[in-house]
Number of protein chains: 2
Amino acid sequence: MSNSARPAWLDDVAWNEQGLIPAIAQDAATGEVLMFAWMNRDALQLTVARGEAVYWSRSRGKLWHKGEESGHTQKVIDLRLDCDRDTLLIKIEQTGGIACHTGRRSCFYRQLNGGQWREVDAVLKDPQTIYRG
Amino acid sequence: MSNSARPAWLDDVAWNEQGLIPAIAQDAATGEVLMFAWMNRDALQLTVARGEAVYWSRSRGKLWHKGEESGHTQKVIDLRLDCDRDTLLIKIEQTGGIACHTGRRSCFYRQLNGGQWREVDAVLKDPQTIYRG
C-alpha cells in the first residue's frame with residue numbers, strides 16, 4: 001500500500017475499537033454547532049480529498065457523503081483534532097443553511113427548560129421537500 | 001425509586017449500549033468548541049442539579065466534576081439534545097478561560113495543514129501549575 005493511499009496524518013488519529021472517531025460539525029462563520037456524526041478512516045480521507053464532509057453511517061453501515069440526497073453538502077474550511085487525538089472538529093460552510101434532516105439549521109434544537117426538552121428552533125424547510133427520493 | 005430521583009427528561013435521552021451519551025462543551029459567549037466528553041445518567045443529572053458540568057470519565061471509570069482539580073469548572077448556560085436524542089450540546093461559561101488539560105483554551109488545537117496536524121493554539125498556562133498534585 002503506497003504512502004499516498006495511507007497518509008501518516010491518518011495514523012495519528014486515535015481510532016476507537018470500532019475504527020471510528022466522533023466528528024463535531026461547526027459553522028465556520030457563525031460558530032453554531034450544527035451536527036455530530038462519526039468518521040472511519042475512509043470517511044476522513046475522503047473528507048479531506050473532496051473538501052466536503054463524508055461520514056460513516058453506523059445505522060446504515062456505509063459511507064455517507066453528507067448532502068448526497070438533500071444537496072446540503074458541507075464544505076470543509078478547517079479540520080481540528082483534539083488533545084487526545086480521538087475527536088474531530090470540522091468547521092464547515094453549510095450549503096442551504098440546513099444541516100438537520102428535520103429541516104432545521106442545527107440538530108441541537110431541543111433545550112432543557114423547566115424539566116422538559118422543548119423544541120426551540122424553527123423548521124426552515126419541510127423535510128418532505130428536502131428528500132425527493 | 002421516586003420520580004424526582006429519576007426525572008422523565010433523563011429517560012428521553014437515547015443512552016448508548018454503555019449507558020453513555022457524547023457531550024460537546026461550547027463557550028456560550030464566543031461559540032468556541034472547547035472539549036468533548038461523555039456523560040452517563042448520574043453525570044447528566046448532577047450537571048443539571050449543580051449547574052456545572054459533570055462528565056463520566058471512561059478511562060478512570062468514575063464521575064468527573066470538571067475542574068475538581070484544576071478549578072476550571074464549567075457553568076451551564078444552556079443544555080441541548082439533538083434530533084436523534086443521542087448527543088448533548090452544553091453551552092458553558094469556562095472558569096479560568098482554560099478547558100484543556102494542556103493549558104490551552106480549547107482541546108481542538110491541532111489543525112490539519114499541509115498533510116500534518118500542527119499545534120496552532122497557544123498554551124495559556126503551564127499544566128504543572130494547573131494541577132497541584
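**View 1. The two copies in this predicted model and the axis that relates them.** Chain B is superposed on chain A by a rotation of 180° with 0.0 Å of shift along its axis, and the RMSD of that superposition is 0.0 Å. This is the relation of a two-fold axis. Within chain B, the C-alpha nearest the axis belongs to Gly31(B), and it lies 2.5 Å from the axis. Both copies use the same surface, since 100% of the contact residues of chain B recur in chain A.

**View 2. The side of chain B that touches chain A.** In this contact, 30 residues of chain B meet 30 residues of chain A. Several strands of chain B, namely S1 (20–27), S2 (33–40), S5 (74–81), S7 (110–113) and S8 (116–119), each supply at least two residues of the side that touches chain A. The strand that gives the most is S5(B), with four residues. Sorted by class, this side of chain B holds 16 nonpolar residues, eight polar residues and six charged residues.

**View 3. Strand pairing across the two chains.** Strand S7 of chain A, which covers residues 110–113, is joined to S5(B) by two bridges, and the two strands run antiparallel. Here Gln111(A) stands opposite Arg80(B), a residue of S5(B).

**View 4. A sheet built from strands of both chains.** Six strands form an open sheet with mixed pairing, and their order is S2(A)-S1(A)-S6(A)-S5(A)-S7(B)-S8(B). The edges are strand S2 (33–40) of chain A and S8 of chain B, each of which pairs on one side only. On average, and with direction ignored, neighbouring strands of this sheet are turned by 35° against each other. Within the sheet, S5(A) and S6(A) pair in the antiparallel sense over seven bridges, and Gln74(A) stands opposite Gln94(A) in S6(A). Helix H2 of chain A, residues 41–50, packs on the sheet, where it touches S2 and S5 of chain A as well as S7 of chain B. The direction of helix H2 makes about 120° with that of S2(A).

**View 5. Arg85 in each chain, a residue with positive phi.** Most residues other than glycine have a negative phi. Arg85(A), however, has a positive phi near 60°, and this residue is found in the loop between strand S5 (74–81) and strand S6 (88–94) of chain A. With 14 other C-beta atoms within 10 Å, Arg85(A) counts as partly exposed. In the other copy, Arg85(B) likewise has a positive phi, of about 60°, although it is not a glycine. Arg85(B) is found in the loop between S5 and strand S6 (88–94) of chain B, and with 14 other C-beta atoms within 10 Å it is partly exposed.

**View 6. Chain A as a whole.** Chain A has three helices and eight strands, and from the N terminus on its elements follow the order α-β-β-α-β-β-β-β-β-β-α. The radius of gyration of chain A is 16 Å, close to the 14 Å that the globule rule gives for 133 residues, so the chain is as compact as a globular protein of that length. Along its principal axes, the C-alpha trace of chain A spans about 50 × 35 × 30 Å. Of the 133 residues of chain A, 34% count as buried. Among the contacts in chain A between residues at least 6 apart in sequence, 41% join residues at least 24 apart.

Terms used
Residues numbered from 1 in each chain as written. Chains lettered and ligands numbered in written order. Predicted model: local features only at pLDDT ≥ 70, side-chain atom pairs only at ≥ 80, totals over all residues. Contact = placed C-beta atoms within 7 Å. Nonpolar A, V, L, I, M, F, W, Y, C, P; charged D, E, K, R; others polar. Pairing = 2+ DSSP bridges. Buried ≥ 20, exposed ≤ 12 C-beta atoms within 10 Å, placed from the backbone. Least-squares fit on C-alpha atoms with pLDDT ≥ 70 in both. Axes fitted to C-alpha atoms, helices over the stretch in contact; angles between N-to-C directions. Rg over C-alpha atoms; globule rule 2.2 N^0.38 Å.
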